[in-house]
Amino acid sequence: MDDSLYVKMVTCPICGNQFSSMKAKVKSCKVKKKDEDFCTHYEDLNPMYYEVFVCPICAYAAPETSFDEISEKEVKLLKEAFLGREVGRSFCSHRSLEDAIAVGKLAIYTAELRKANAGVLAGLCLKLAWLYRYKGDKQEEHFLKYALINYLEAFDKEPLPIGNLNEISMIYILGELSRRLGKLDDAISWFGKAVSNPERKENPMIEKLAREQWALAREQHKGSK
Ligand SMILES: [Zn+2]
């Protein structure tokens, strides 16, 4: 087995099945570049392929960080939804990009079934969009759109941080997703808010990115007229 991979034992909180799932050591994965919406590209192994655990029996799927964070009510809801479900596929070993995409969809499906909040859905949609970006697949846009819709709802209704996004990062990502989706007026407005946000002093990297992307969005806006 690749040195960068290891196996972790997991217990499914829905069906009680114990299974082992492969994981990547993030520190041993070499970063090639980062896109302006925080999508990281890796030289070889991409640890994102292994972030979500999938139970091979009932197909409950959730990121490792929140796999066990589930209420009794949600367990009951999912048990009923998964009744008679046949997975027919295991994602516990090496994963290809196609596997990671299938797993990303399962995680979104599970989150929707358990009525996860918009911030959680947004994060899952953004990661699935990135997987489609690695593949060069136009479905990326579809999931960027879902990520934006859900982040807008989350920013309106949920307490910060949303995922690992503080206020200025949240405002910035709303700008960058808007820009990528051609909503340039919205993008310019969000970036403007990011560069004047009080948190900018503690987040100089975000402020720098916001200024660069603000200028880019204004250029694109001029070009589109
Ligand atoms: Zn299970």
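1. Burial and overall dimensions. In this predicted model, 35% of the 225 residues of the protein chain count as buried. The C-alpha atoms occupy a box of roughly 55 × 40 × 35 Å along the principal axes. The radius of gyration of the protein chain is 19 Å, which agrees with the value near 17 Å for a compact globule of 225 residues.

2. Order of elements. The protein chain contains 7 helices and 6 strands. Read from the N terminus, the elements follow the order β-β-β-β-β-β-α-α-α-α-α-α-α. As for contacts between residues at least 6 apart in sequence, 58% join residues at least 24 apart.

3. The largest nonpolar core. This core has 59 residues, and the members that touch the most other members are Val 54, Tyr 60, Ala 61, Ala 107, Cys 125 and Ala 147. Two or more residues come from each of strand S5 (52-54), strand S6 (61-63), helix H2 (97-113), helix H3 (118-135), helix H4 (139-157), H5, helix H6 (184-195) and helix H7 (204-223). The element that gives the most is H3, with 10 residues.

4. Surroundings of Tyr 60. Which residues are in contact with Tyr 60, leaving aside its neighbours within four places in sequence? They are Cys 12, Ile 14, Cys 55, Leu 78, Phe 82 and Thr 110. Tyr 60 is also listed among the core residues that touch the most other members.

5. Helix H5. This helix covers residues 167-180, 14 residues in total. From its first C-alpha to its last it reaches 20 Å, close to the 20 Å expected at 1.5 Å a residue. Because 13 of its 14 residues are buried, H5 is largely enclosed by the rest of the structure. H5 is also one of the elements that give two or more residues to the largest nonpolar core. Just after H5, Gly 182 adopts a positive phi of about 80°.

6. Met 170 within H5. Met 170 is a residue of helix H5. Is Met 170 buried or exposed? There are 25 other C-beta atoms within 10 Å of Met 170, and 20 or more suffice for burial, so Met 170 is buried. Leaving aside neighbours within four places in sequence, the contacts of Met 170 are Phe 155, Leu 160, Ile 162 and Leu 165. Met 170 and Ala 154 are separated by 16 residues in sequence, and their C-alpha atoms are 9.7 Å apart in space.

Conventions
Residues numbered from 1 in each chain as written. Predicted model: local features only at pLDDT ≥ 70, side-chain atom pairs only at ≥ 80, totals over all residues. Helix = DSSP H or I, 4+ residues; strand = E, 2+ residues; numbered from the N terminus. Expected span 1.5 Å × (residues − 1). Buried ≥ 20, exposed ≤ 12 C-beta atoms within 10 Å, placed from the backbone. Core = buried A, V, L, I, M, F, W, Y, C linked by C-beta atoms within 7 Å. Contact = placed C-beta atoms within 7 Å. Rg over C-alpha atoms; globule rule 2.2 N^0.38 Å.
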